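User: I'd like a close look at one part of this protein, namely its salt bridges. Could you walk me through them and then place them in the rest of the fold?

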Amino acid sequence: MTRATSDPARSPRGGSTPAQGRPDPAPGAPDSPADGGGTRRAAPANPRRTEILGAAAELFARRGYHGVSIGELGRAVGLTGPALYRHFRSKETVLAEMLLDISERLLAEGARRAASGDPAEALDALLRGHIAFALDEPALITVHGRELDNVPEAERHRVRRLQRAYVEEWVGVLRRLRPDEPVDRARAAVHACFGLINSTPHSASGLDREAMASLLHTMAHAALCATPPSH
């Protein structure tokens, strides 16, 4: 995914530089400090809805959207099926909000990271942020890749628009680094980079978090910054 999915590098504070390859908290994580002022993202307005979305992501990733009933989803958070309808109109609504939420978080955080005046720092920040998302929220990656077609059409189009905008943040940073890079090639490179990083749900089990983050960072950075062959 480019959500969907979950965070989800911070500008260094006090002149220090974070260790390369170490992931930040996932984009939008409540304990992720913002640049400069040290403020934190506001707590979710409805923690119960957030809990339901998290449980749904895990269940949908493990058993598939159609393999989970409203009753089972309710029981996962200590509710009956009818009680769940006080928070969401339907299971379809749960899926739509889940993928819209992570797409919005990724775009907002990506735009913030891409705004660095130094494109090399911006690219490093984007990489560390997306790696943190992939390591912290693999269920969302799985659900997005498998279940987006089950989202209602209007919300599905919104998810895709948000994701395209997120990709363009990366493309803009790459073209600042390499102004002669054709935009189509830069965009294809970004999608390939996402494919590498988003494979984490299927490949991260053999390494600890820091080692996997370092490996993903090294490989993705090398892929994005590779010199194209001359013709």
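Analyst: Here is a walk through the salt bridges, followed by the fold and the core around them.

Keep in mind that this is a predicted model, so treat each value below as computed from it. In total, the structure holds 15 salt bridges. Let's take three of those pairs one by one.

Start with R112 and E109, whose side chains meet in a salt bridge with N and O 2.8 Å apart. How are these two placed along the chain? Both belong to helix α4, which covers residues 91–114, and they sit three residues apart, so about one helical turn separates them. Their surroundings differ in cover: E109 is buried, with a relative accessible area of just 9%, while R112 comes out as partly exposed at 27%. The cut-off for buried is under 20%, and that is why E109, at 9%, gets the label and R112, at 27%, doesn't.

Next up is the pair E147 and R146. Their side chains also form a salt bridge, this time at 3.3 Å from N to O. E147 is the buried partner, with a relative accessible area of 5%. R146, for its part, counts as partly exposed at 43%.

Then there's E181, which pairs with R185; the closest N and O atoms lie 2.8 Å apart. E181 is buried at 5% relative accessibility, and R185 is partly exposed at 32%. Salt bridges can also link up through shared partners, and here they join D101, R105 and E137 into one network.

Now for the fold that carries these pairs. The protein has ten helices and zero strands, so reading along the sequence simply gives α-α-α-α-α-α-α-α-α-α. Of its 231 residues, 47% are buried. The exposed area comes to about 11,100 Å², with carbon and sulfur atoms supplying 54% of it.

On the nonpolar side, the largest core has 60 residues. Those with the most contacts inside this core are F60, L73, V94, M98, L127, W170 and L224. Which helix gives the most to this core? That's α4, with ten residues. So α4 turns up twice in this story: R112 and E109 lie in that helix, and the helix also gives the most to the largest nonpolar core.

Notes. Residues numbered from 1 in each chain as written. Predicted model: local features only at pLDDT ≥ 70, side-chain atom pairs only at ≥ 80, totals over all residues. Heavy atoms only, no water. Salt bridge = Lys/Arg side-chain N within 4 Å of Asp/Glu carboxyl O. Helix = DSSP H or I, 4+ residues; strand = E, 2+ residues; numbered from the N terminus. Buried < 20%, exposed > 50% of the residue type's maximum accessible area, 1.4 Å probe, protein only. Core = buried A, V, L, I, M, F, W, Y, C linked by side-chain atoms within 4.5 Å. Areas by Shrake-Rupley, 256 points an atom, 1.4 Å probe, with all protein chains shown as cover.
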